[in-house]
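Q: I would like a close look at one part of this model, taken slowly and set against the rest of the chain. Please treat the pairing of the strands as the centre of the answer.

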Amino acid sequence: MYKHFALSAYFLGTIQRGLWPGNCLLCAARAPVGKDLCPACERALPRTEWACPRCAAHGAAMEVEGVACGACQAHPPAYVCARAAFRYAPPVDKLIQHLKYHDRLELSRLLGGYLTEHLQTLNDPLPDVVVPVPLHSSRLRERGYNQSLEIAHFVAKSLVLPINWKDAQRIRPTMPQTELPREQRRKNVRGAFMTGGAFAGRRIAIVDDVMTSGHTANALAESLLRSGAVEVRVWVVARA
Ligand SMILES: [Zn+2]
Ligand SMILES: [Zn+2]
């Protein structure tokens, strides 16, 4: 099911990169040993300074620092908190699109690395297990890999956490949330996930590439809680 060629090319790149300087993935300038971006591009990444402590919304949605946004106060999400390394803005949006739609699997290391770094700056308790947002089998066949699983592998490995990608499934195909009007997004993912008893009594971190409206993460969190999970948090590379 996985694209073995792409994966081995990717691991070869990882080995090479650890040994001598490569070029910045964004501007092709020389990058320091072990780094995928040059220092200038790294500094220019769209980091989130001020976000809702519950759903990671930023910008106009946020009014008071440290206080949950109006949407979370009106309808508290199923997850305890969402953390995002970046805003979904250039060049992170392009990097995610390349990982997702253009087989650029090596970008999962870059994006997973930044997500890990971001999580390490926070004082959040670590979960028992990491769960990538699953793709429906038809989408997985078409794409050949699940970008969320690729990112989650890096995060779980870096934080020395187990990962469980087998017991959470997307049981019906859904439209990409970004292609739907806001009011249809909740309905699109309702009942889309099925999760197993392996999550009973566990504290879970859901990992995804992008969080748009938050409905996908919320639907998966609801399913995990129904399966007996005691707490669900959400870790994403970027928040729209
Ligand atoms: Zn650069
Ligand atoms: Zn919020």
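Which residue in S5 is the bridge partner of Pro132?

A: In this predicted model, the bridge partner of Pro132 in S5 is Val207. That bridge belongs to the pairing of strand S2, residues 129-132, with S5, which runs in the parallel sense over 4 bridges. Strand S5 has a second partner, since 8 bridges join it to strand S6, residues 231-239, and this pairing is parallel as well. Within the second pairing, Ile206 of S5 has Val234 as its bridge partner in S6. In a regular strand, side chains alternate between the two faces of the sheet.

The surroundings of S5 can be described through its accessibility. The strand covers residues 203-211, and because 8 of its 9 residues are buried, it is largely enclosed by the rest of the structure. For the protein chain as a whole, 47% of the 240 residues count as buried.

The strand is one element of a chain whose secondary structure comes to 9 helices and 6 strands. Helix H9, residues 215-226, contains Ser223, and this serine is buried because its relative accessible area is 4%, where the cut-off for that class is under 20%. Leaving aside neighbours within four places in sequence, Ser223 is in contact with Phe193, Met194 and Thr195.

On the scale of the whole chain, the C-alpha trace spans about 50 × 45 × 35 Å along its principal axes. The radius of gyration of the protein chain is 17 Å, which agrees with the value near 18 Å that a compact globule of 240 residues would have. Among contacts between residues at least 6 apart in sequence, 71% join residues at least 24 apart. The accessible surface comes to about 11,900 Å², and 55% of this area belongs to carbon and sulfur atoms.

Elsewhere in the chain there are metal sites, which can be described in terms of their donors. The zinc ion (ligand 1) is coordinated at 2.3 Å by the SG atoms of Cys24, Cys27, Cys38 and Cys41, and along the chain these donors follow the spacing C-x2-C-x10-C-x2-C. The arrangement around the zinc ion (ligand 1) is tetrahedral because its 4 donor atoms subtend angles of 105 to 116°. For comparison, the ideal angle for four tetrahedral donors at a metal is 109.5 degrees. Of these donor residues, Cys24 counts as buried at 4% relative accessibility, whereas Cys27 is partly exposed, with a relative accessible area of 40%.

The zinc ion (ligand 2) is coordinated by the SG atoms of Cys52, Cys55, Cys69 and Cys72, again at 2.3 Å, and the spacing of its donor residues in sequence is C-x2-C-x13-C-x2-C. Cys52 and Cys72 link distant parts of the chain, 20 residues apart, with Cys52 in the loop between helix H2 (39-43) and helix H3 (70-74), and Cys72 in helix H3. Around the zinc ion (ligand 2) the 4 donor atoms subtend angles of 100 to 113°, which makes this arrangement tetrahedral too. Cys52 counts as buried at 2% relative accessibility, and Cys72 likewise counts as buried, at 6%.

To return to the part in question, S5 pairs in the parallel sense with S2 and runs parallel to S6, and Val207 is the residue of S5 that bridges to Pro132.

How values were computed. Residues are numbered from 1 along each chain as its sequence is written. Chains are lettered from A and ligands numbered from 1 in the order in which they are written. This is a predicted model: local features need pLDDT of at least 70, side-chain atom pairs count only at pLDDT 80 or more; totals for chains, interfaces and linings use all residues. Side-chain values use heavy atoms; hydrogens and water are left out. Donors are N, O and S atoms within 2.8 Å of the metal (3.2 Å for Na, K and Ca); water is not among the atoms, so sites may look incomplete. Four donors count as tetrahedral if all angles lie between 85 and 135 degrees; four count as square planar and six as octahedral if opposite donors are over 155 degrees apart and all others between 65 and 115; anything else is irregular. Buried means under 20% relative accessible area, exposed over 50%, partly exposed in between (1.4 Å probe, protein chains only). Helices (H or I, at least four residues) and strands (E, at least two) are DSSP runs, numbered from the N terminus. The radius of gyration is taken over C-alpha atoms; the globule rule is 2.2 Å times the number of residues to the power 0.38. Contact means heavy atoms within 4.5 Å. Accessible areas come from the Shrake-Rupley method with a 1.4 Å probe; for residues, only the protein chains shown count as cover. Two strands pair if DSSP finds at least two bridges between them.
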